[in-house]
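I set out to look up the pockets, cavities and helix packing in this structure. My entries follow in the order in which I worked.

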Amino acid sequence: MLIRGGRVVTAGGERDADVLVDGEKIVEVGPGVRGDGQVLDASGLLVLPGIVDPHTHLLLDTGTARTADDFSSGSASAAAGGVTTYLDFAPQLPGQTFGSALQARRQLIDGQSHVDYGIHLNITHLPADWERDLDALVDAGVTSAKIYTTYRDTIFYADDWTWYRLMQRSGRVGLLVQVHAENDAIVEGMARLLIDEGKRSLRYHAMARPAVAEAEAVARGLLFSRITGSPVYFVHLSTPTAVDLISEARERGVRAIAETCPHYLVLDDSRYGQRDAARYVMTPPLRDAGSQAQLWERLQRGEIQTIGSDHCGFSLAERAGIDDFTKVSPGIPGVETSLLLLYSFGVQTNRLSLPDIVRLLSTNPARIFGFWPRKGDLAPGFDADIVLFDPRPQRVLTAAELHSRAGFSPYEGLSLTGRVKTTILRGRIVYQDGDVVGKPDFGRFQHCRPFDPTVAWL
């Protein structure tokens, strides 16, 4: 395969170049490349590395609610958005070892994904002989694990003792601990206060999970990282204060990484006052417009290292008629729209450059989560994971063009620029001009290398 005449963009810059693919690998990038076989005309198009989405819940079953998406539909949506690799979460249920949690998740994903995938573990408890189990988990290619500091009395929550003990060992074995950072006592206390005042509607969703809850839990995680020496990665940050705490800690040598999501950059908490507030229920919640502007400033300064979609495709129908923030399972679809949103609201507004969005959406996630040097760049020897992106089309987004079974998008009605024309996974076209053309079993489990702060650019 020869991709000819496009504008090749990597984290290091952009240039007019051709890309030659042999089998599953890139073999040459440069001007005037010659090659046999299929030729794709990329004139007028941007040629990007495939997106690596570090944060998805393509199939989530909370015990009380289940996403409309599964791995087949969610990965099809990913392919349509230029995502060639995603990371999903394996929940550790009561009584499970780390290995049995991983095995259960792989039984659901393997053979059901249009694109490649890795797995994070969601650790909730430390079983007997957990240290040996952790070593085996890393050897099996799972080198990251998430701790939830909230949702007490659910399948997700881990207490501070579990979190701290895990971080006493995680860094030594090459495991990166991720944190959903919200102080549970603050969240529960604020919720009780609002309920006592008769304020249960979705209008109060953001108020029920205040910014200070996120900042406090981030500060706790930074302390654990500083004391143990183990790195820490904070998912879906919604507040500038949390990012500032991480930046200050990084300056002192703490190995901490900040992730945010497109919804915190393009939507604000005024949405909860709308009649369709159910479209925007996620945790942490949307913040005010001032906080959003400050988040952009920190993104521009390089203080946020990655962007994940936090795709969680619950059906909007499940929320119909429910105007109570205590009764809605939080989560929104988004794996298909991250590139579009970052291009439209980042590049088109001159907040970000094209190499910036490649760094945030592809290269940094690949480096941090152990896919480097297979994924995250357009260079000889890398997997031929390539996106042909047309920067010219303009339209108002509608759910009808998207592929998630959730049946809606929180971004519907936004004016966007650009369109994914073609997604190529390991040298094979899996999405073309609006249609997912790849097979649902083409995606492979990707063994992640142990976390290495030198590779992750920390």
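**Entry 1: pockets**

I began with the second largest pocket, where helix 2 (residues 98-109) gives the largest share of the lining, four residues. The model is a predicted one. I read a volume of about 200 Å³ for the second largest pocket. I counted 15 residues in its lining, and the closest to its centre are Asp61, Pro91, Leu93, Arg105 and Leu108. I sorted the lining of the second largest pocket by class and found nine nonpolar, three polar and three charged residues.

I then turned to the largest pocket, which has a volume of about 860 Å³. I noted 39 lining residues, with Tyr151, Arg209, Thr283, Val328 and Pro330 the closest to the centre of the largest pocket. I looked up which elements give two or more residues to this lining, and they are strand 10 (144-148), helix 5 (184-196) and helix 6 (205-208). Helix 5 has the largest share of the lining of the largest pocket, with six residues. I recorded 16 nonpolar, 14 polar and nine charged residues for the lining of the largest pocket.

**Entry 2: cavities**

How many cavities of 30 Å³ or more does the structure hold? I found two cavities of that volume or more.

I put the largest cavity at about 70 Å³. I listed its lining as His57, Leu59, Leu60, Asp88, Phe89, Ala90, Pro91, Arg105, Asn122, Tyr148 and Phe156. Strand 8 (residues 83-91) gives the most to the lining of the largest cavity, with four residues. I divided the lining of the largest cavity into seven nonpolar, two polar and two charged residues. I also noted two names that recur: Pro91 and Arg105 line the largest cavity, and Pro91 and Arg105 are among the residues closest to the centre of the second largest pocket.

The second largest cavity holds about 30 Å³ of space. I found Leu48, Pro49, Ile51, Leu339, Ile357, Val358 and Ser362 in the lining of the second largest cavity. Strand 5 (46-49) and helix 12 (354-368) each supply at least two residues of this lining, and helix 12 gives the most, with three residues. By class I have six nonpolar, one polar and no charged residues in the lining of the second largest cavity.

**Entry 3: helix packing**

I next looked up helix 3 (residues 130-139) and helix 4 (residues 160-173), which pack at an angle of about 40° with their axes 11 Å apart. Angles under 35 degrees count as roughly parallel, and helix 3 and helix 4 are therefore oblique to each other. I noted a right-handed crossing for helix 3 and helix 4. On the helix 3 side the contact is made by Trp130, Glu131, Leu134, Asp135 and Val138, and on the helix 4 side by Arg165, Leu166, Arg169, Ser170 and Val173. I divided the residues of the contact of helix 3 with helix 4 into five nonpolar, one polar and four charged.

How are helix 8 and helix 10 set to each other, roughly parallel or oblique? Helix 8 (residues 240-251) and helix 10 (residues 289-300) pack at an angle of about 30°, with their axes 9 Å apart, and I therefore entered helix 8 and helix 10 as roughly parallel to each other. I listed Pro240, Val243 and Asp244 of helix 8 in contact with Ser291, Gln294, Leu295 and Arg298 of helix 10. The contact of helix 8 with helix 10 has three nonpolar, two polar and two charged residues.

Notes:
Residues numbered from 1 in each chain as written. Predicted model: local features only at pLDDT ≥ 70, side-chain atom pairs only at ≥ 80, totals over all residues. Heavy atoms only, no water. Axes fitted to C-alpha atoms, helices over the stretch in contact; angles between N-to-C directions. Parallel < 35°, antiparallel > 145°, perpendicular 65-115°, else oblique. Left-handed = near helix turned anticlockwise from the far one by under 90°. Contact = heavy atoms within 4.5 Å. Nonpolar A, V, L, I, M, F, W, Y, C, P; charged D, E, K, R; others polar. 1 Å grid on protein atoms, 1.4 Å probe; cavity = no way out; pocket = protein on both sides within 12 Å on 5 of 7 lines; lining within 4 Å. Points joined across faces, edges and corners; volume = space filled by probe spheres on them.
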